[in-house]
Amino acid sequence: MSLVDIYRSLGVTLDKGIAYLVVDGNEILKANEVRGISMEKEETREGIDLRLVIKEGIKLKEPIHLCFGVSKERAVQKIHAEIIAERDSHACLLAHCIFPKAKEVHHVMDGNLLIEKGAELSYEEIHWHGEEGGADVFPRLRTRNLGDFRSTFSLLRGRVGRLGIDYLVEAGERSVTEIITKVYGKGNDEIRIKEGVSLNGAYARSVIKSRIAVRDRAFSDVVSITEGNAPYVRGHVDGTEIVQGEAIAKATPIVKVNHEKAKVTHEAAIGSVDRKQLETLMAKGLEEKEAIDVIIKGMLR
Amino acid sequence: MQENTQGKEGSFMVDILKLINVEVERNGKRILKGISLSIKKGMIHALLGPNGSGKSTLAFAIMGVYKLSKGNVYFEGKDISRKPIYERARLGISMAWQSPATFEGLTVKEYLSIGGNANVEEALRMVNLDPARYLDRVMDSSLSGGERKRIELASVVAMKPKLAILDEPDSGIDFVTLDELMRVISDLKKEGITVLLITHREEVARIADRASLICDGYLVKSGNTWEVTKFFRKMCGRCKYGRYSEVKGIEPS
Ligand SMILES: Nc1ncnc2c1ncn2[C@@H]1O[C@H](COP(=O)(O)OP(=O)(O)O)[C@@H](O)[C@H]1O
Ligand SMILES: [Mg+2]
């Protein structure tokens, strides 16, 4: 089964009226553009270079699918991406990162994003790394947000392998930023997440929300940073980690305020499954394992 | 062991639940002290007692949330004292928690459907919640305390248990009327469900067929509702702290 078929079987629509790019390793398998966007892409030795522009005022109804997959067991994939959402444009990017057979797959995403004034960009990255735990994944995004930027990263199916997220958003005046990360680590998975927002423009708002579950011998370390550097900015960091078995979880919210009229808050909960939730579900007839599953799935939804 | 009951029909009725000399300790402290109690099948049985007397602890002991340090719990004649919570649930015991848990990401519909319940909408209507408005709500803190209590009650209704333990279903629901609660409980009874109605309010206990009074971890009195509530009233008037030593001296008139 080629990656295109895998994507189709996962419900990714690759039709005429829809913009998409399907990459296997460093090979572009399929691509389509729609009116109002430009997509420059080029195969490189170890990956691809991409420059994607959503033109001024363009409001896309359908999402743009970026399918960055690796069908081989062993490969290196380096994606260089520059993504620009011009003034008053609206778009949703769905990045599907699928490494179904990964034994030694090394995936690096190096992205620079610009969201101009009045633009809305949602960037949703969904990963599936197969069951071998052999993926090393390093998504790195640098975003300048003058509009509305919402990013969601989820890695819930199969194994994580090694994950190192490094996101930084520079938030301009009256911008809205939301970063949501959901990861379920198993086996000896290693999860390292560093997400930061600098609220540099007045009235900028941000939320960093992380939901991490680790079990077996998995390890996670989440650092969430929010800096309030301008008047009337509002930032919030919200992290929950559920730990089972011999897993280890660390969470470090770092909030800094450099302006007297800025406000940044945080809440963090880290620990094993909540007893009361567990007992409540067991009192509905679920065995402990099933109850834990319901609680974790709910949290990661 | 069959208790000789006040009601004429009492002695012919089957005990659905029987506690014998039940004790529960929490953090090394004896909370329930030698409680023996029978609940007749198909009845509404009130468990009355002041705050902190051990009512919730007793509910947890029946449900299996707390382990017994002594004694036994029998359900339909079977000793369930060592059975895990979920097995008791599967046998037909269901409990509405006094302060229900919240769940991130779980919808009301999913919560009520756990255990394969099909009559979720009907259960919501029974507690006066509009299914169209509530089925897709998330069970997190966006729900008010009162809404959570109603949903909790609905979750027991949906389970169609043999024994429904309702731990202070009237508390925290600001707008609930006693009539409304009575209607739900009598609907349960009509379906043949036995109800253990836990409350610290005499007027709520009054809707029960039978009642027991718990105080300071002791079962002080069990029998017909009128006598038990009368004793409760007297006790509350007499003893400041609801200590058993104070209660012992009170003779039922
Ligand atoms: N974990 C605990 N450790 C020690 N004491 C407890 C614990 N939980 C409850 N208690 C005590 O047990 C008593 C009974 O509590 P509870 O069953 O909740 O009473 P009720 O439901 O009648 O208000 C109270 O005095 C309470 O302080
Ligand atoms: Mg209580």
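# Close-up views of a predicted two-chain model

**Figure 1. Chain A as a whole.** Of the 301 residues in chain A, 55% count as buried. The model is a predicted one. Chain A contains three helices and 19 strands. Its radius of gyration is 20 Å, close to the 19 Å given by the globule rule for 301 residues, so chain A is as compact as a globular protein of that length. Taken along the principal axes, the C-alpha atoms of chain A fill a box of roughly 55 × 55 × 35 Å. Among the contacts in chain A with a separation of 6 or more, 78% are accounted for by residues 24 or more positions apart.

**Figure 2. Surface and charges of chain A.** The accessible surface of chain A is about 13000 Å². Carbon and sulfur atoms hold 46% of that surface. Chain A has 45 positive and 47 negative charges. The mean position of the positive charges and that of the negative charges are 3 Å apart.

**Figure 3. Chain B as a whole.** The secondary structure of chain B consists of ten helices and ten strands. Chain B has 253 residues, and buried residues make up 55% of them. Residues 24 or more positions apart supply 66% of the contacts in chain B with a separation of 6 or more. Chain B exposes about 11100 Å², and 48% of this area comes from carbon and sulfur atoms.

**Figure 4. Helix 2 of chain A and its cover.** Helix 2 of chain A spans residues 275-282. Six of its eight residues are buried, so the helix is largely enclosed by the rest of the structure. The buried residues are Gln277(A), Leu278(A), Glu279(A), Thr280(A), Leu281(A) and Met282(A). What covers these buried residues includes elements from both chains. From chain A there is helix 3 (288-300). From chain B there are helix 2 (85-91) and helix 3 (108-113).

**Figure 5. Pro139(A) in strand 10 of chain A.** Pro139(A) lies in strand 10, which covers residues 135-145 of chain A. Its relative accessible area is 1%, under the 20% cut-off, so Pro139(A) is buried. Leaving aside its neighbours within four places in sequence, Pro139(A) is in contact with Met109(A), Glu125(A), Phe153(A), Leu163(A), Gly164(A), Ile165(A), Asp166(A) and Tyr167(A). One of these residues, Asp166(A), is 27 residues from Pro139(A) in sequence, with 6.3 Å between the two C-alpha atoms.

**Figure 6. Ile165(A) in strand 12 of chain A.** Ile165(A) belongs to strand 12 (residues 162-171) of chain A. At 3% relative accessibility, Ile165(A) counts as buried. Pro139(A), the residue shown in the preceding view, is one of its contacts. Beyond the neighbours within four places in sequence, the other residues in contact with Ile165(A) are Phe153(A), Thr181(A), Arg192(A), Ile193(A), Lys194(A) and Glu195(A). Phe153(A) is in contact with Ile165(A) and also with Pro139(A). Lys61(A) is 104 residues from Ile165(A) in sequence and 29 Å from it in space, C-alpha to C-alpha.

**Figure 7. Asp88(A), a non-glycine residue with a positive phi.** Asp88(A) is not a glycine, yet its phi is positive, at about 60°. Asp88(A) is found in a loop of chain A, between strand 6 (74-85) and strand 7 (90-98). With a relative accessibility of 35%, Asp88(A) counts as partly exposed.

**Figure 8. Glu76(B), a non-glycine residue with a positive phi.** In chain B, Glu76(B) has a positive phi of about 50° although it is not a glycine. The loop that holds Glu76(B) runs between strand 4 (70-75) and strand 5 (78-79) of chain B. Glu76(B) is partly exposed, and its relative accessible area is 34%.

**Figure 9. Cysteines in the two chains.** A search of the whole structure finds zero disulfides over all chains. Cys97(A) is in no disulfide, and the nearest cysteine sulfur, which belongs to Cys67(A), is 9.0 Å away. A disulfide would need the two sulfur atoms within 2.5 Å. Cys97(A) counts as buried, at 1% relative accessibility. In chain B, Cys215(B) counts as buried too, at 0% relative accessibility.

Definitions and conventions
Residues are numbered from 1 along each chain as its sequence is written. Chains are lettered from A and ligands numbered from 1 in the order in which they are written. This is a predicted model: local features need pLDDT of at least 70, side-chain atom pairs count only at pLDDT 80 or more; totals for chains, interfaces and linings use all residues. Side-chain values use heavy atoms; hydrogens and water are left out. Buried means under 20% relative accessible area, exposed over 50%, partly exposed in between (1.4 Å probe, protein chains only). Helices (H or I, at least four residues) and strands (E, at least two) are DSSP runs, numbered from the N terminus. The radius of gyration is taken over C-alpha atoms; the globule rule is 2.2 Å times the number of residues to the power 0.38. Contact means heavy atoms within 4.5 Å. Accessible areas come from the Shrake-Rupley method with a 1.4 Å probe; for residues, only the protein chains shown count as cover. Lys and Arg count as positive and Asp and Glu as negative; His and the chain ends are not counted. The place of a charge is taken as NZ of Lys, CZ of Arg, CG of Asp or CD of Glu.
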